[in-house]
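Let's take a walk through this structure together, starting from the overall layout and then stopping at a few places worth a closer look. Please keep the sequence and the 3D view at hand as we go.

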Amino acid sequence: MHQNIGLQLTRVPRLWRAVIDHRLAPLGLTQTRWITLYTLWRLGDGQPQCDLARAIGVEAPSLVRTLDQLSEQGLIERCPCDQDRRTKRVFLTPAATPLLERIDAVVTQARSEMLAGLNDEDVAQLASLLSRIEDNGLAIQARESDD
């Protein structure tokens, strides 16, 4: 049983994103774009690019192309940081609001369907267990990067 957990931990997020991707495809959103917009919306305006990249789980240079595309679409703006001119902060534009509301509705509906049959206690326990697994993984990374 334990042998399948790693596979499940990779399949479930992929499946979750695939469901959302399929539902957002009519809006012309790639996974990279909707995740970037949605993460920025959840974190709040004015996030440094490097922090946004970390929250999404990509390298900062990888995020630049997506931010360029979102900027060209008029959905975000990048402004220099007051304290450090080398750092760019990312802001959502008013044009992004209706799109984000639609993304949020799709994500909320998908979450509800994906968690069907689980009660609030089940979901809380799942979140707690996943946090422990994540903490263990971060501890392993920290130990191994010291080697």
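Helices and strands here are DSSP runs, with at least four residues for a helix and at least two for a strand, numbered from the N terminus. Read that way, the elements of the protein chain follow the order α-α-β-α-α-β-β-α-α from the N terminus on, which comes to six helices and three strands. Please bear in mind that this is a predicted model.

A few overall values help to set the scene. Taken along the principal axes, the C-alpha atoms of the protein chain fill a box of roughly 50 × 45 × 25 Å. The protein chain has 147 residues, and 25% of them count as buried. About 10,100 Å² of the protein chain is exposed, with carbon and sulfur atoms supplying 52% of that area. As for how the chain meets itself, take the contacts between residues at least 6 apart in sequence: 53% of these join residues at least 24 apart.

A good place to step inside is helix α4. Its 13 residues should span 18 Å at 1.5 Å a residue, and the end C-alpha atoms are 19 Å apart, which agrees. Which residues of α4 are buried? They are L63, T66, L67 and L70. The cover over these buried residues includes α2, α3, β2 and β3. The spacing of such positions is easier to follow with a reminder about helices in general. An α-helix has 3.6 residues a turn, so residues three or four places apart point the same way.

Now look across from α4 to T36, which is found in helix α2. Is T36 buried or exposed? With a relative accessibility of 3%, T36 counts as buried, because the cut-off for buried is under 20%. Beyond its neighbours within four places in sequence, T36 is in contact with L52, I56, L63, T66, L67 and L70. For one of these partners we can also give a backbone distance: the C-alpha atoms of T36 and L63 are separated by 8.4 Å, although the two residues are 27 apart along the chain.

Following the chain out of α4 brings us to G74, whose phi is positive, near 75 degrees. The backbone oxygen of G74 lies 2.5 Å from a polar atom of the T93 side chain. T93 itself is found in the loop between β3 (88–92) and α5 (96–114). At 11% relative accessibility, T93 counts as buried. Leaving out residues up to four places away in sequence, T93 touches G74, L75, I76 and E77.

Next, let's turn to charged side chains. A search of the whole structure finds four salt bridges, and we can visit several of them. In one, the side chains of D104 and R42 meet at 2.7 Å, N to O. D104 lies in helix α5 and R42 in helix α2 (residues 31–43), so this pair ties together parts that are 62 residues apart in sequence. The two partners sit in contrasting surroundings: D104 is buried, with a relative accessible area of 19%, whereas R42 counts as exposed at 52%.

Another salt bridge joins D68 and R78, with the closest N and O atoms 2.3 Å apart. Here D68 belongs to helix α4 (residues 60–72) and R78 to strand β2 (residues 76–80), so the pair ties together parts that are 10 residues apart in sequence. D68 counts as partly exposed at 32% relative accessibility, and R78 counts as partly exposed at 27%.

The salt bridge between R54 and D51 has its closest N and O atoms 2.9 Å apart. This pair stays within helix α3 (residues 49–56): R54 and D51 are three residues apart, and are therefore separated by about one helical turn. R54 counts as exposed at 60% relative accessibility, while D51 is partly exposed at 30%.

Our last stop is on the surface. Which residues make the nonpolar surface patch of about 450 Å²? The patch is made by I5, L9, L118, L126, L130 and I133. Helices α1 (2–24) and α6 (120–146) each supply at least two of its residues, and α6 gives the most, with three. L126 has its place in helix α6, and at 38% relative accessibility L126 counts as partly exposed.

Notes
Residues numbered from 1 in each chain as written. Predicted model: local features only at pLDDT ≥ 70, side-chain atom pairs only at ≥ 80, totals over all residues. Heavy atoms only, no water. Patch = residues over 30% accessible without salt bridge, like charges linked within 9 Å, V, L, I, M, F, W, Y side chains within 5 Å. Areas by Shrake-Rupley, 256 points an atom, 1.4 Å probe, with all protein chains shown as cover. Buried < 20%, exposed > 50% of the residue type's maximum accessible area, 1.4 Å probe, protein only. Polar contact = N/O pair within 3.5 Å; in protein donor to acceptor, adjacent residues only side chain to side chain. Contact = heavy atoms within 4.5 Å. Expected span 1.5 Å × (residues − 1).
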